[in-house]
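Could you walk me through this model in my viewer, one selection at a time? I would like to know what to click next and what I will find there.

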Amino acid sequence: MRTQVAIIGAGPSGLILGQLLHKAGIDAVILERRTGEYVLSRIRAGVLEQVAVDLLDEAGVGERMHREGLVHEGFEILAWGKRHRIDLHGLTGGKCVTVYGQTELTRDLMEARAAQGLPTVYEAEDVAIHDFGGTKPYVTYRKDGREHRLDCDFIAGCDGFHGVCRASVPKNAIREYEKVYPFGWLGLLSDTPPVNDELIYINSPRGFALCSMRSRTRSRYYLQVPLTDKVEDWSDDMFWEELKRRLDDEGRERLVTGPSLEKSIAPLRSFVSEPLRFGRLFLAGDAGHIVPPTGAKGLNLAATDVKLLSTALIEHYVEGSDAGLDHYSERTLRRIWRAERFSWWFTMLTHKFPNENPIEEKLRESELEYVLHSEAGRRTIAENYVGLPLDFGES
Ligand code: APR
Ligand code: PHB
């Protein structure tokens, strides 16, 4: 089999890239090691920046998102028992975010791809990438017990943090930056109305918590928990009781509890690998970087990575120019580091760090108090949360 771009991974990065390339008349095959159902069963975040919303429209998959997604003009930070509103709209000259679950977005992308008859190989085993340092890369994999070979011009590594693409690059050609945080997030999804119309990020003496949502009838809540905790240690009742302790009186009164549809613990990590291009292999999304979820940047970064990558590939095929491909790594990394910085900073500001030196704890509290009470501070949060422009810092 032959294609122009072999895309490894059918998460949001691979699926959006496939859609953008298809719109431009470029062929791509997606190889995914899991089943479609498995991909859809992973519960991930759900806050989209305007840049990502525009991109999904451009990819032709925005219809349900506009119908069912919730536009949020602000969110709350609860600290010392008091709520502070981050007026995204007012502080950024009219920008907002759209709350629409990654699972739903992935479903829309999968359905659009299937409706267009575009090739996706699910349950592709032992995917291996070859000769990306030369001009004739190819990919091998096994499906239903048979070996296959896919020849291509380029390989897009959209296979997430644990994928095969980054792992196939020689160690001396790549530099990895990593910070693992000393806690995780325990998430619970339930068919209960959200406790508040807007998200609430909670900084409490018992640790961080987040009240989020998927719709007006489905909520997503998180608790900061020690890394040693296991999901089995947490009954639904224990979760709700602990969330109530971290909320304020209004929240405790309004919180509607119910059985969990899903409960899981995720570690928090900041990670960047540099560069993102190795000959004819390009990394995009979680394959190249991870942010802690506090800034809601993971999906948005994946979307902008593949926007830049698709633009560069289109320039190559349509205009015969490799300038975009040559600049992909540098341009993408600049945006990635900005989101990494914000996600790290917002995590540091809102979480409780175990065994912290008391002066560091005091300084952190003082910084949070400052940013919440200063308009400049709130604007700093707002302009990063809604997403800085794609070309920020380039002029
Ligand atoms: N062969 C084929 N597919 C693979 C391989 C492999 N060796 N390894 C991983 N994959 C697949 C995974 O099964 C997964 O479906 O690649 C896909 C990667 O998808 P994601 O992990 O969702 O990564 P990405 O598409 O970059 O999306 C980033 O997901 O984790 C969130 O916060 C993150 O929202 C962001 C988004
Ligand atoms: C979520 O709804 O899952 C969510 C929202 C905002 C975040 C992280 C996760 O910052």
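Start by selecting arginine 44 together with ligand 1: a polar side-chain atom of this arginine lies 2.8 Å from an oxygen atom of the ligand. The protein covers 90% of the 720 Å² of accessible area that ligand 1 has on its own. Keep in mind as you go that this is a predicted model, so every distance and angle on the tour is computed from predicted coordinates.

Stay with ligand 1 and add serine 13. An N or O atom in the side chain of serine 13 sits 2.6 Å from an oxygen atom of the ligand. Next, add arginine 33, and this time show its backbone: a backbone N or O atom of arginine 33 is 3.2 Å from a nitrogen atom of ligand 1.

Now widen the selection to the whole shell. How many residues surround ligand 1? There are 24, and the closest are Ser13, Glu32, Arg42, Gln102 and Asp286. Colour the shell by class and you should get nine nonpolar, eight polar and seven charged residues. Helices α1 (12-23) and α9 (298-319) each supply at least two residues of this shell. The largest share, three residues, comes from α9.

That makes α9 a handy place to go next. Select it along with helix α10 (residues 323-350). The two helices pack at an angle of about 170°, with their axes 9 Å apart. This angle makes α9 roughly antiparallel to α10. To see where they touch, show side chains on both. On the α9 side, the contact includes Leu301, Thr304, Asp305, Leu308 and Leu309. On the α10 side, look for residues including Tyr328, Arg331, Thr332, Arg335 and Ile336. Taken by class, the residues of this contact divide into ten nonpolar, four polar and four charged.

Just before α9 there is a small backbone detail to click on. Alanine 296 is found in the loop between β20 (289-290) and α9. Its phi is near 55°, a positive value in a residue other than glycine. Most residues other than glycine have a negative phi, and most peptide bonds are trans.

The second half of that remark leads to another stop: select glutamate 274 and proline 275. A cis peptide bond joins glutamate 274 to proline 275, with omega at about -10°. You will find proline 275 in the loop between β17 (260-274) and β18 (277-278).

Now jump to ligand 2. Which residues are closest to it? They are Tyr201, Ser212, Arg214, Tyr222 and Pro293, out of 14 that surround ligand 2. Pick three of the shell residues in turn and look at their polar atoms:

- Tyrosine 222: an N or O atom in its side chain is 2.5 Å from an oxygen atom of ligand 2.
- Arginine 214: a polar side-chain atom lies 2.7 Å from an oxygen atom of ligand 2.
- Proline 293: here a polar backbone atom is 2.8 Å from an oxygen atom of the ligand.

Turn on a surface as well, and see how well ligand 2 is hidden: alone it exposes 280 Å², and the protein buries 99% of that. Strands β15 (207-213) and β16 (219-225) each supply at least two residues of the shell around ligand 2. By class, this shell has nine nonpolar, three polar and two charged residues.

For the last stop, select helix α11 (residues 358-373) and helix α12 (residues 375-385). Their axes come within 4 Å and cross at roughly 95°, so α11 and α12 are roughly perpendicular to each other. Val371, Leu372 and His373 of α11 make the contact with Glu375, Gly377, Arg378 and Ile381 of α12. Colour by class once again, and this contact shows three nonpolar, two polar and two charged residues.

Note on methods: Residues numbered from 1 in each chain as written. Chains lettered and ligands numbered in written order. Predicted model: local features only at pLDDT ≥ 70, side-chain atom pairs only at ≥ 80, totals over all residues. Heavy atoms only, no water. Near = heavy atom within 4 Å. Polar contact = N/O pair within 3.5 Å; in protein donor to acceptor, adjacent residues only side chain to side chain. Areas by Shrake-Rupley, 256 points an atom, 1.4 Å probe, with all protein chains shown as cover. Nonpolar A, V, L, I, M, F, W, Y, C, P; charged D, E, K, R; others polar. Axes fitted to C-alpha atoms, helices over the stretch in contact; angles between N-to-C directions. Parallel < 35°, antiparallel > 145°, perpendicular 65-115°, else oblique. Contact = heavy atoms within 4.5 Å.
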